[in-house]
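Please walk me through this structure with questions and answers, giving the cut-off behind each term when it comes up.

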Amino acid sequence: MKETTVLVTGGAGFIGSHLCERLLIDGFRVVNIDNFNDYYSPESKRHNILNALKNPNYRLCEGDIRDKDFLDKTFSDDQPDIVVHLAAMAGVQPSLENPKIYYDVNVMGSLQLLTCCAEHAVSKFVFASSSSVYGNNQTPFKESDNTDNSISPYASTKKAGEVLCHVFHSINGMSVHCLRFFTVVGPRQRPDLAVHKFVKAITNHEAIELRGDATSSRDYTSVYDTIDGIRGSISRLQKISEPEYNIYNLGNSYPVTLDDMLQTIETVLDRKAQVKQVEFMQGDVFSTYADISLAKSELGYSPMRSFQEAVENFVEWFVEHD
């Protein structure tokens, strides 16, 4: 019997590298497509995959998801059974400064990938969406909420990706899960994200920028819980007999205020922060909070790690690798 092959885009990044390692442990053959762009250090992403590269069931394909010829060759050579699409231009603030590249990569790149799936008869697709699609909706966020209120180009590209996925589900009979990630924390976290920035600044005795009045909040989620959610999605896709299109929130369902986030980091580091108050930034939502009842019932998703545990996991990695 042929091994199940999972193609992961962005598999050298924060979430992607953890997912690839988990899939290898679970007995899958893994193909990682990554272009190692310089949004943040390509060297750190190469370090993320050192262990995976030692596994004979892992293959790295360096290339861009916008390159149709590259994708066609990869699909022909590796014949994936499932695609998990994590690759994207990330970050709300940079998307305000250069929306064109976000639409080019996140929308056109996703279109190329979905087209390849249709042409190569890959019928199971997992798309990494984002809690940012909810904008400033009332919390807790439910998958059935209106998401026509995006407040950043990044958020709108993720919404567009969900719509594209539905088109391919409708026309090609593809089974698609759109997973709305909430703020993910843990080892290998991107350096532009708040926990990483705060830990680095406090460790280096530098001032941190605290936005607004510190009452904004985020539904921080351990990367290990997020990976459990993706695995639950893959398992469901392997079992179903009829095509489906579903959206799932993968959060922790315990929002943490900015002030509490900072206090937790100070506790873990056993060090006080120097704080500089700045204005709340355009494009950022005020709060995120996931209703995860659907993911619990259909994916068996049950986040187990507290925010403090996620920060402790990150700090342990940071001390060793930064």
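Q: Which residues of helix 8 are buried?
A: This is a predicted model, in which local features need pLDDT of at least 70 and side-chain atom pairs count only at pLDDT 80 or more, while totals for chains, interfaces and linings use all residues. Residues are numbered from 1 along each chain as its sequence is written, and side-chain values use heavy atoms, with hydrogens and water left out. Helices (H or I, at least four residues) and strands (E, at least two) are DSSP runs numbered from the N terminus, and buried means under 20% relative accessible area, exposed over 50% and partly exposed in between, with a 1.4 Å probe and protein chains only. In helix 8, which spans residues 194-203, the buried residues are V195, H196, F198, V199, A201 and I202.

Q: Which elements do the buried residues of helix 8 pack against?
A: Contact here means heavy atoms within 4.5 Å. By that rule, the buried residues of helix 8 pack against two strands and two helices, namely strand 7 (184-185), strand 8 (207-211), helix 10 (258-269) and helix 12 (307-321).

Q: Which residue just after helix 8 takes a positive phi?
A: The backbone just beyond the end of helix 8 has a phi of about 60 degrees, a positive value. The residue that takes this phi is H205.

Q: In what order do the seven strands of the open sheet lie?
A: Two strands pair if DSSP finds at least two bridges between them, and strand 4 and strand 5, for example, pair in the parallel sense over three bridges. Within that pair, V83 stands opposite F125 in strand 5. The edge strands, each pairing on one side only, are strand 3 (58-62) and strand 11. The pairing in this open sheet is parallel, and the order of the seven strands is 3-2-1-4-5-6-11.

Q: Which element gives the most to the largest nonpolar core?
A: A nonpolar core is a set of buried Ala, Val, Leu, Ile, Met, Phe, Trp, Tyr and Cys residues joined through side-chain atoms within 4.5 Å. Of the 40 residues in the largest one, V8, I15, V84, F181 and I230 touch the most other members. Among the elements that give two or more residues to this core are strand 1 (5-9), strand 6 (175-181) and helix 9 (223-239). The element that gives the most, with six residues, is helix 1.

Q: Which residues does I15 touch, not counting those up to four places away in sequence?
A: I15 is one of the residues with the most contacts to other members of the largest nonpolar core. Once residues up to four places away in sequence are set aside, the residues that I15 touches are L86, F181, V184, V223, I227 and I230.

Q: How many disulfides does the structure hold?
A: A disulfide is a pair of cysteine sulfur atoms within 2.5 Å. For C20, which is buried with a relative accessible area of 1%, the nearest cysteine sulfur is that of C61, 11 Å away. For C116, buried at 0% relative accessibility, the nearest is that of C117, 7.3 Å away. The number of disulfides in the structure is zero.

Q: How far apart in sequence are the parts that the salt bridge between E21 and R188 ties together?
A: A salt bridge is a side-chain nitrogen of Lys or Arg within 4 Å of a carboxyl oxygen of Asp or Glu, and the side chains of E21 and R188 meet in one at 2.9 Å, N to O. R188 counts as buried at 14% relative accessibility. Because E21 lies in helix 1 and R188 in the loop between strand 7 and helix 8, the pair ties together parts whose separation in sequence is 167 residues.

Q: Is D225, the salt-bridge partner of R305, buried or exposed?
A: The side chains of R305 and D225 meet at 2.6 Å, N to O, and they link the loop between helix 11 and helix 12 with helix 9, 80 residues apart. R305 is partly exposed, with a relative accessible area of 22%. The relative accessible area of D225 is 0%, so D225 is buried.

Q: How far apart in space are Y102 and S156?
A: Y102 is found in helix 6 (residues 99-119) and is buried, with a relative accessible area of 1%. Leaving aside neighbours within four places in sequence, Y102 has contacts that include Y39, M89, Y154 and T157. Y102 and S156 are 54 residues apart in sequence, and their distance in space, C-alpha to C-alpha, is 9.6 Å.
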